Amino acid sequence: MQRVTRIVQDLKDFSHVDESERMWANLEQGLESTLNVVWNEIKYKAEVIREYAGIPEIECLPSQINQVFMNLLVNAGQAIEEQGHITLRTGQDEDNVWVEVADDGQGIQPEHLERIFEPFFTTKPVGKGTGLGLSLSYGIVRKHGGHIEVESPAGKGTCFRVVLPKRFQHE
């Protein structure tokens, strides 16, 4: 029963259904809530390693940022063929906070790296992906005044870093 209660609370935290305005949010808590929501997608494939730095709250649209986290977590789980690790890291500098989702899966082919944020681009088999997750994530992060960095050395996994300003930036 406690697990069900936690999942329901995490779904509420994840969705922020009634939220349409910016609010102060703890991204590490958002990452945890999102992880609990997608846990069934990754629990048999990946050990999750947390390297949180205790970053400050930022002003954002938390449900949208959680959507970005969900896309990155699901993709990380799908990139791992059998067993692997997903590492969640956070950090900050003077102006920004960042959240990394890294996996030790197959990585992204160099010729695909420049296209991964294009709408409808996918390397997944037909019926397995829409090619919209990273495109939507890119738009959400840009709308928040941030950017997404990606590193994917061949055969050594992929690391996505979402960089967001500590103070909300208007486009």
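Buried means under 20% relative accessible area, exposed over 50% and partly exposed in between, with a 1.4 Å probe and protein chains only. This is a predicted model, in which local features need pLDDT of at least 70 and side-chain atom pairs count only at pLDDT 80 or more, while totals for chains, interfaces and linings use all residues. Residues are numbered from 1 along each chain as its sequence is written, and side-chain values use heavy atoms, with hydrogens and water left out.

**View 1. The whole chain combines five helices and seven strands.** Helices (H or I, at least four residues) and strands (E, at least two) are DSSP runs, numbered from the N terminus. Walking along the sequence, you will meet them in the order α-β-α-β-β-α-β-β-α-α-β-β. Of the 171 residues, 41% count as buried.

**View 2. Five strands build an open, mixed sheet.** Here two strands pair if DSSP finds at least two bridges between them. The strand order is β2-β4-β5-β7-β6, with β2 (46-51) and β6 (147-151) as the edge strands, each pairing on one side only. From one strand to the next, the twist averages 15°.

**View 3. Strand β5 (96-103) is mostly covered, with seven of its eight residues buried.** On one flank, β4 and β5 pair in the antiparallel sense over seven bridges, forming a hairpin with three residues between them. Look for T87, whose bridge partner in β5 is A102. β5 also pairs with β7, again in the antiparallel sense, over eight bridges; there V97 stands opposite L164 of β7.

**View 4. At the sheet edge, β6 meets β7 (residues 158-165).** These two strands are antiparallel and share five bridges. A pair to find is E149, which stands opposite R161 in β7.

**View 5. Helix α2 (residues 27-42) lies across β2, β4, β5 and β7.** Its direction is at about 175° to β2. Axes are lines fitted to C-alpha atoms, for helices over the stretch in contact, and angles run from 0 to 180 degrees between N-to-C directions.

**View 6. Helices α2 and α3 (residues 62-79) cross at roughly 40°, their axes coming within 9 Å.** The two helices are therefore oblique to each other: angles under 35 degrees count as roughly parallel, over 145 as roughly antiparallel, 65 to 115 as roughly perpendicular and the rest as oblique. Contact means heavy atoms within 4.5 Å. Residues of α2 including L31, L35 and V38 belong to the group that meets α3, where the partners include F69, M70 and L73.
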